[in-house]
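Got your viewer open? Let's take a walk through this model, one selection at a time.

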Amino acid sequence: MWSKFTKRQKLDFLESIEYRDPLFGVMIFIFCVGLASLFAYYWNYLIGKRRQDSLSKFIESFDYIGFDEEAQEFLALSPNPIPSLLFMAKMYQKSANYEKAIRLYVALLESIQNPVDKVPILESLGLLYEKAGFPSRAKEIYLEILHYYPRSPLVLKAFIRVCEKLSLFKESLDALDCLEELQGNTQVYRHYLKAKILIAKGQKSEETTQKLLAILQEQPLLARLILGFLKDFYPTLFWEYLKIIPKEILLELQDMLWNLNREIIPQSLLEELKNTPQNAQNQILKDIFEAKGILPLSFSQKMTFELETLCLLRTHKSFQGDLGFHYQCTSCKATTPLAFEHCPHCDGLLTLKTLVFLKEKQDETRYSFL
Ligand SMILES: [Zn+2]
């Protein structure tokens with residue numbers, strides 16, 4: 001019937017409907033909006049289901065640990081078991097009973113249906129695996145969370161940290177780009193990871209040293225890492241740079257300089273230092289070598305109280321003095337006996353400051369087994 005009309009007639013008919021009945025246009029519009037909403041709802045449903053299926057499949061991979069039977073029973077009987085089990089898992093975690101805590105977290109993951117609610121549990125599980133010494137497993141978990149929720153700064157930071165532990169510095173750097181987009185202020189970390197990548201490559205080339213020195217110029221906090229590398233592989237450059245890095249940074253490296261073997265100190269440098277030093281850096285080096293007994297004592301004023309005291313002790317020879325070092329975090333104020341790149345307490349990067357203290361020199365033969 002419709003096909004019998006000419007094209008002109010059909011158009012006239014449609015125009016006449018629209019003209020006569022404006023409600024028809026409104027109905028068509030409402031119908032289109034309804035259809036679009038229905039489609040969006042279905043699309044969200046499909047994405048949510050895919051997310052849930054994928055998380056469930058991922059959680060199945062923890063089956064080898066086995067779920068905690070008591071927890072399963074508690075989950076079945078209690079009306080609101082999740083807060084109590086979460087509390088118990090955290091307690092086990094604090095008391096370093098990692099296996100029990102992992103079992104509880106896995107049981108919790110099984111019982112929670114909403115994928116969004118599973119994310120904090122997965123975060124805790126990742127952290128737990130990291131603490132228990134399984135960084136690869138923790139990385140898998142963080143990656144799974146980021147796959148669905150990439151805009152989570154906390155998980156991104158944890159992922160960067162765990163990749164760093166696995167020496168996957170390139171992956172850490174890629175994830176850092178995302179973190180920069182989210183909250184910025186990642187310059188120090190970026191320089192640190194770039195230096196780590198260059199050092200980990202282990203290529204002894206002029207290009208590597210040039211890049212490392214360019215990073216050092218930009219970020220003096222990396223002096224310990226970069227100069228430590230130069231000391232082992234490019235001693236000439238190491239001694240050259242010691243003379244030009246800022247005085248404050250050189251004082252931070254007193255432990256490294258104090259523990260240097262006499263054999264690796266160039267004779268030419270010692271000869272140069274015997275004359276009056278031209279700058280503060282040379283003065284610090286001279287004071288350290290005098291206090292250590294490598295250079296003869298001079299009457300000049302020393303750069304620090306500890307070095308002055310050691311030189312006085314050397315003059316009188318009634319006691320033999322020594323320097324000890326520990327490191328304090330500028331962020332959380334915790335102290336540690338070793339110079340870590342990350343604070344072991346708050347995980348701050350390059351936040352440790354060298355603290356120097358005087359002590360009586362011990363008989364080293366007693367520690368020969370070390
Ligand atoms: Zn700290």
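Is Phe229 buried or exposed? Select Phe229 and take a look: at 8% relative accessibility, Phe229 counts as buried. Here buried means under 20% relative accessible area, exposed means over 50%, and partly exposed is in between, using a 1.4 Å probe and protein chains only.

A quick word before moving on. This is a predicted model, where local features need pLDDT of at least 70, side-chain atom pairs count only at pLDDT 80 or more, and totals for chains, interfaces and linings use all residues. Residues are numbered from 1 along each chain as its sequence is written, and side-chain values use heavy atoms, with hydrogens and water left out.

**Stop 1: rings around Phe229**

Keep Phe229 and add Phe233, which is partly exposed at 39%. Both sit in helix H12 (residues 223-233), 4 residues apart, which is about one helical turn. Helices are DSSP runs of H or I with at least four residues, strands are runs of E with at least two, and both are numbered from the N terminus. The two ring centres of Phe229 and Phe233 are 5.1 Å apart with planes at 45°, so this pair is tilted. The rule: rings of Phe, Tyr and Trp (its six-membered ring) pair if their centres lie within 6.5 Å, and planes under 30 degrees apart are stacked, over 60 edge-to-face, and the rest tilted. Now add Tyr234, because ring pairs link Phe229, Phe233 and Tyr234 into a cluster.

**Stop 2: another ring pair**

By that rule there are 7 aromatic pairs. For one of them, select Phe39 and Trp43: the centres are 6.4 Å apart and the planes at 20°, so the pair is stacked. Both belong to helix H2 (residues 22-60), 4 residues apart, about one turn of the helix. Phe39 is exposed at 57%, while Trp43 is partly exposed at 49%.

**Stop 3: the zinc ion**

Click on the zinc ion. Its protein donors are Cys329, Cys332, Cys343 and Cys346, each through SG, lying 2.2 to 2.3 Å from it. Donors are N, O and S atoms within 2.8 Å of the metal (3.2 Å for Na, K and Ca), and sites may look incomplete since water is not among the atoms. Along the chain, the donors follow the spacing C-x2-C-x10-C-x2-C. Zoom in on Cys332, in the loop between strand E1 (321-329) and strand E2 (335-336), and Cys343, in the loop between E2 and strand E3 (352-360). The pair is 11 residues apart and links distant parts of the chain. Cys332 is partly exposed at 32%, whereas Cys343 is buried at 3%.

**Stop 4: charges over rings**

Select Lys292 and Trp258: the charged end of Lys292 sits over the ring of Trp258, 4.8 Å from its centre. Then try Arg137, whose charged end sits over the ring of Tyr129, 6.0 Å from its centre. This label needs NZ of Lys or CZ of Arg within 6 Å of the ring centre and within 35 degrees of the ring normal.

**Stop 5: helix H6**

Which residues of H6 are buried? Among them are Pro115, Ile121, Leu125 and Tyr129, the last of which you just visited under Arg137. Helix H6 (residues 115-131) has 17 residues and reaches 24 Å from its first C-alpha to its last. That is close to the 24 Å expected at 1.5 Å a residue, where the expected span is 1.5 Å times one less than the number of residues. To finish, select Gly133, just after H6, which takes a positive phi of about 90°.
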